[in-house]
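This report describes the helices of one chain, how they pack, and a few individual residues. The sequence and the structure come first.

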Amino acid sequence: MLKHVWTLMRDLFGFARQNKTWWIVPLVVVLLLLTLFVVVGSVVAPFLYPLY
């Protein structure tokens with residue numbers, strides 16, 4: 001799965017470089033960070049619920 005994500009990122013940066021659309025890069029970085037927070041939050045949540 002990480003291989004596909006790496007390929008997608010490489011293609012996206014290639015697209016931004018070729019078409020001079022650098023505004024796409026921060027947008028994708030923010031979306032990846034939000035996705036990471038959701039995944040980490042859903043993994044950690046079952047361990048935090050018993051504490052409350």
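Thr 35 is partly exposed, with a relative accessible area of 46%. The residue belongs to helix H2. Its C-alpha atom and that of Leu 51 are separated by 25 Å, the two residues being 16 apart along the chain. The model is a predicted one.

**Helix H2**

H2 runs over residues 24-48. Its 25 residues should span 36 Å at 1.5 Å a residue, and the end C-alpha atoms are 35 Å apart, which agrees. The helix has a kink of about 30° at Ser 42, shortly before the proline Pro 46.

Four residues of H2 are buried: Ile 24, Val 25, Val 28 and Ala 45. H1 is part of what covers the buried residues of H2. Ala 45 counts as buried because its relative accessible area is 18%, and buried means under 20%. Between the C-alpha atoms of Ala 45 and Arg 17 the separation is 39 Å, with their positions 28 residues apart along the chain.

**Helix H1**

H1 covers residues 2-19, 18 residues in total. From its first C-alpha to its last, H1 reaches 26 Å, close to the 26 Å expected at 1.5 Å a residue. Met 9, Leu 12 and Ala 16 are the buried residues of H1. Viewed down the axis of H1, these residues fall within an arc of 65°, so they line one face of the helix. They pack against helix H2. On the face of H1 turned away from the buried side are the exposed residues Lys 3, His 4, Trp 6, Arg 10, Arg 17 and Gln 18.

**The loop between H1 and H2**

Lys 20 and Thr 21 are both placed in the loop between H1 and H2. Lys 20 comes just after H1 and takes a positive phi of about 55°. This is a positive value in a residue other than glycine. Is Lys 20 buried or exposed? Lys 20 is exposed, with a relative accessible area of 63%.

Thr 21, in contrast, counts as buried at 15% relative accessibility. Leaving aside residues up to four places away in sequence, Thr 21 touches Phe 15 and Ala 16. Ala 16 is also one of the buried residues of H1.

The residues with a stated accessibility are set out below.

| Residue | Place | Relative accessible area | Class |
|---|---|---|---|
| Lys 20 | loop between H1 and H2 | 63% | exposed |
| Thr 21 | loop between H1 and H2 | 15% | buried |
| Thr 35 | helix H2 | 46% | partly exposed |
| Ala 45 | helix H2 | 18% | buried |

**Packing of the two helices**

Two packed helices are described by the angle between their axes and by the distance between the axes. What are these values for H1 and H2? H1 and H2 pack at an angle of about 155°, and their axes are 10 Å apart. That makes H1 roughly antiparallel to H2, since an angle over 145 degrees counts as roughly antiparallel.

Which residues meet where H1 and H2 pack? On the H1 side they are Met 9, Leu 12, Phe 13, Phe 15 and Ala 16, and on the H2 side Ile 24, Val 25, Val 28 and Leu 32. The H1 set includes Met 9, Leu 12 and Ala 16, the buried residues of that helix. The H2 set includes Ile 24, Val 25 and Val 28, which are among the buried residues of H2.

Definitions and conventions. Residues are numbered from 1 along each chain as its sequence is written. This is a predicted model: local features need pLDDT of at least 70, side-chain atom pairs count only at pLDDT 80 or more; totals for chains, interfaces and linings use all residues. Side-chain values use heavy atoms; hydrogens and water are left out. Helices (H or I, at least four residues) and strands (E, at least two) are DSSP runs, numbered from the N terminus. The expected span of a helix is 1.5 Å times one less than its number of residues. Buried means under 20% relative accessible area, exposed over 50%, partly exposed in between (1.4 Å probe, protein chains only). The arc is that of the directions from the helix axis to the C-beta atoms. Contact means heavy atoms within 4.5 Å. The bend at a residue is the angle between axes fitted to the seven residues ending there and the seven starting there. Axes are lines fitted to C-alpha atoms, for helices over the stretch in contact, and angles run from 0 to 180 degrees between N-to-C directions. Angles under 35 degrees count as roughly parallel, over 145 as roughly antiparallel, 65 to 115 as roughly perpendicular and the rest as oblique.
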